[in-house]
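Let's take a walk through this structure together, going from the whole chain down to single residues. Keep the 3D view open as you read, and stop wherever you like to find the spot for yourself.

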Amino acid sequence: MNKWINITLPDGSVREFEAGVTGMDIAKRISKKLKKAAIAAKVNGVVVDLSRPIEQDATVEILTFDDPEGREVYRHSSTHIMAQAVTELFPEAKPTLGPPLDDMFYYDFDVPKPFTPEDLAAIEKRANHIIKQNLEFKRFELSREEALKFYHERVPNHYKCEIIEDYPEEETWSFYQQGDGENGWVDMCRGPHVPSTGRIKQFKILKASGAYWRGNENNKMLQRIYGTAYESKEQLEAHLHRLEEAEKRDHRRLGRELDLFSFHSEDAGAGFAYWHHKGALIRELVENFLKEEQRKRGYIFVVSPHVVSAELYKTSGHYEFFRDNMYPVEIEGEEYFIKPMNCPCHVKIFDTKLHSYRDLPVRMAEFGTVYRYEKSGVLHGLLRVRGFTQDDAHIFCTEDQLDSEIRGVMDLMEFIMQKFGFHEYKVELSVADPNDWSHYAGEPAEWERAEHSLVQALRAKNWEYTRHEGEAAFYGPKIDLKVVDALGRPWQCSTVQFDFNLPRRFGLKYIGSDGEAHMPYMVHRAIYGSVERFIGVLIEQYGGAFPTWLAPTQVVVATITDAVNDYAQSVVQQLHDAGFRVHLDDRNEKIGYKIREHTTQKVPYILVVGHKEAEAGQVAVRKYGAGDQGVIAFTEFLAALNAEVETV
């Protein structure tokens with residue numbers, strides 16, 4: 001006798017299906033268009049293969065490439081196609097791990113030698129052949145013992161065995177096979193996958209690089225191949241264009257070309273930036289801009305030591321949970337650490353006197369340089385370093401002041417980011433797991449109060465956000481703000497976090513209006529997050545062409561002939577006296593050469609002066625990105641430049 005089940009569709013309608021129905025069956029019943037586009041199914045919130053039978057009443061959503069989860073399945077399947085192509089061309093290759101990313105995917109292989117460009121071209125060709133074969137993805141399961149036997153005997157691969165042995169509690173392991181019979185390609189994988197390889201329309205190998213097994217520099221170096229996959233040629237071409245633009249904007253390359261900073265990993269240590277004159281100027285401007293704005297908003301600045309006793313971090317709890325990321329130092333037989341974070345130091349400063357409720361809030365800020373051990377494999381220019389400066393602030397306040405303080409932080413976030421040209425954000429609210437309070441400091445009522453303040457601030461700003469249960473730090477809920485740059489890429493910058501841990505551990509108190517001692521609320525806050533990372537993001541946002549107010553050299557005065565040097569020097573002096581960063585180029589070079597050189601350096605304005613300009617008190621203006629702006633009176637240019645900079 002047939003069993004009938006009810007399937008709830010995304011539009012809320014309920015339809016009756018025979019038990020054992022699959023996502024593909026449902027897609028067929030809805031429309032031919034959906035059947036053709038279907039990639040996977042989401043059954044009761046879990047993404048599964050379209051071929052997976054549904055035996056009970058369920059809520060079902062058919063996923064396509066338009067859905068983020070659908071794109072993940074699409075690219076995950078593409079990794080398997082690429083791995084099959086590699087092992088067919090290079091039988092000695094051992095596949096290890098290969099996850100999908102936001103807009104691409106990769107797979108790591110143990111091979112005798114690095115892949116060449118010719119190898120990558122051959123792999124792409126073979127992958128497209130596998131796609132044309134339209135091989136079905138078939139799922140099957142093996143016991144733990146059978147899975148280990150498979151990778152010991154049938155397809156020897158000690159990397160896969162290591163993964164299995166890391167999870168002894170797993171009773172069964174799922175595998176996927178592409179193609180039929182013993183010649184079908186098999187990989188251990190949770191899935192899900194597209195129904196067949198033919199569902200992948202546009203496949204592209206991007207590049208290869210080295211990568212340590214499991215990201216540990218003590219392990220063997222593997223070869224990582226990156227690729228991407230899209231449904232249409234137009235989508236793929238747009239992605240490749242974005243990659244080209246990203247390459248042009250790469251802050252590491254621009255840092256060298258514009259003489260902003262350098263790294264000296266081999267002889268001076270990896271992960272530490274050396275700021276050159278122009279880069280240091282930008283850094284100074286970025287820091288001073290935020291410092292001045294914070295002073296206007298009632299922040300006080302402090303300075304804490306770079307080396308701190310281990311006892312401080314034992315009290316704060318960082319010694320227990322963060323010690324592997326800290327740099328130890330021994331002084332007179334006692335354990336110290338190079339400072340990994342500023343917050344315990346600010347707590348000590350706050351605790352040097354007894355505060356009244358009338359003293360609060362205390363908004364304590366510091367541009368504090370900290371040092372954290374990062375594995376060499378994850379270091380990435382200014383974006384991931386071992387020594388960096390946090391624009392840290394900690395607000396100590398009463399419960400009644402929470403809402404206004406959080407709104408003040410959010411206002412500051414928005415003000416600063418918009419000044420740097422960021423107007424689109426992705427916002428995440430991370431809260432505790434309501435079903436498990438064992439991993440969090442503080443009481444549920446405190447968390448509820450703190451979360452309410454964060455939500456109220458988000459609503460006041462009218463910011464859309466995603467809520468992530470169980471993603472909060474152990475010490476309190478938080479908001480993370482990711483700015484979206486000119487290429488549509490999100491970058492984590494600002495954060496505001498509550499902390500119920502440090503005030504309790506250090507026994508912080510203030511005297512309330514009732515004359516009793518109370519524990520203050522503590523709020524962590526950073527706008528840039530890391531100065532180094534933020535400047536790296538700015539370089540890529542602007543492509544190295546900084547706005548005039550932020551450019552290390554704002555104006556170059558270039559002479560056509562030595563006869564006008566006196567006039568050129570007077571122009572330079574007037575610009576300098578007006579507070580502008582100006583450079584005189586009076587070299588005995590052709591003017592075309594000078595213009596090309598300073599344009600390459602992305603200087604906002606080049607003022608060309610010759611006999612006519614000198615006699616008339618004029619300058620010929622060239623603006624970066626816009627070219628020749630004509631000849632105008634120098635006084636007119638100076639007034640326009642002042643107006644441009646003052647609008648920031």
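Start with the chain as a whole: it has 648 residues, and 49% of them are buried. Keep in mind that you're looking at a predicted model. The C-alpha atoms fill a box of roughly 95 × 75 × 60 Å along the principal axes, and the chain has 21 helices and 33 strands. Who touches whom? If you take the contacts between residues at least 6 apart in sequence, 68% of them join residues at least 24 apart.

Next, the domains. The domain assignment lists domain 1 (4-64), domain 2 (70-249), domain 3 (265-419 + 502-542) and domain 4 (555-647). Pick out domain 1 and domain 4, and you'll find their C-alpha centres 67 Å apart.

Now head for helix α1, residues 23-30. Which of its residues are buried? They are Gly 23, Met 24, Ile 26 and Ala 27. These residues cover an arc of only 160° around the axis, so they sit on the same side of α1. And what do the buried residues of α1 pack against? Their partners are the strands β1 (4-8), β2 (14-18), β3 (40-43) and β5 (58-63), along with helix α2 (32-37).

Further along comes helix α4, which runs over residues 117-133. With its 17 residues, α4 reaches 25 Å from the first C-alpha to the last, close to the 24 Å expected at 1.5 Å a residue. Asp 119, Leu 120, Ile 123, Glu 124, Ala 127, Ile 130 and Ile 131 are buried in α4. Look down the helix axis and you'll see why we can speak of one face here: the buried residues of α4 fall within an arc of 135°. Turn to the other side of α4, and there Glu 118, Lys 125 and Lys 132 are exposed. The buried residues of α4 pack against helix α3 (68-89) and the strands β11 (202-212) and β12 (221-230). Right after α4 comes Asn 134, with a positive phi near 55°.

That backbone angle is a good excuse to look at a few more local details. Most residues other than glycine have a negative phi, and most peptide bonds are trans. Arg 214 is one to look at, since its phi is positive, near 60°, and it isn't a glycine. You'll find Arg 214 in the loop between β11 and β12, two strands you've already met as packing partners of α4. Is Arg 214 buried or partly exposed? Its relative accessibility is 38%, so Arg 214 counts as partly exposed. Lys 602 also has a positive phi, of about 60°, without being a glycine. Lys 602 lies in the loop between α19 (591-600) and β31 (605-609), and with a relative accessibility of 18% it counts as buried, because the cut-off is under 20%.

As for peptide bonds, the one from Gly 191 to Pro 192 is cis, with omega near 0°. Pro 192 is in the loop between β10 (185-188) and β11. Leu 360 and Pro 361 are joined by a cis bond too, with omega about 5°. Pro 361 has its place in the loop between β19 (355-356) and β20 (362-371).

Now for a pair of helices. Two packed helices are described by the angle between their axes and the distance between the axes. The axes of α10 (residues 277-296) and α17 (residues 531-542) come within 11 Å and cross at roughly 110°. The two helices, α10 and α17, are therefore roughly perpendicular to each other. On the α10 side, the contact is made by Ile 282, Arg 283, Val 286 and Glu 287. On the α17 side, Val 531, Glu 532, Phe 534, Ile 535 and Leu 538 take part.

Finish at a single residue, Val 302, in the loop between β15 (300-301) and β16 (307-309). With 16% relative accessibility, Val 302 counts as buried. Which residues does Val 302 contact, leaving aside its neighbours within four places in sequence? They are His 346, Ile 349, Met 364, Ala 365 and Glu 366. For a sense of distance, try Val 455: it is 153 residues from Val 302 along the chain, and their C-alpha atoms are separated by 30 Å.

Technical notes:
Residues are numbered from 1 along each chain as its sequence is written. This is a predicted model: local features need pLDDT of at least 70, side-chain atom pairs count only at pLDDT 80 or more; totals for chains, interfaces and linings use all residues. Side-chain values use heavy atoms; hydrogens and water are left out. Helices (H or I, at least four residues) and strands (E, at least two) are DSSP runs, numbered from the N terminus. The expected span of a helix is 1.5 Å times one less than its number of residues. Buried means under 20% relative accessible area, exposed over 50%, partly exposed in between (1.4 Å probe, protein chains only). The arc is that of the directions from the helix axis to the C-beta atoms. Contact means heavy atoms within 4.5 Å. Domain bounds come from an automatic or database domain assignment. Axes are lines fitted to C-alpha atoms, for helices over the stretch in contact, and angles run from 0 to 180 degrees between N-to-C directions. Angles under 35 degrees count as roughly parallel, over 145 as roughly antiparallel, 65 to 115 as roughly perpendicular and the rest as oblique.
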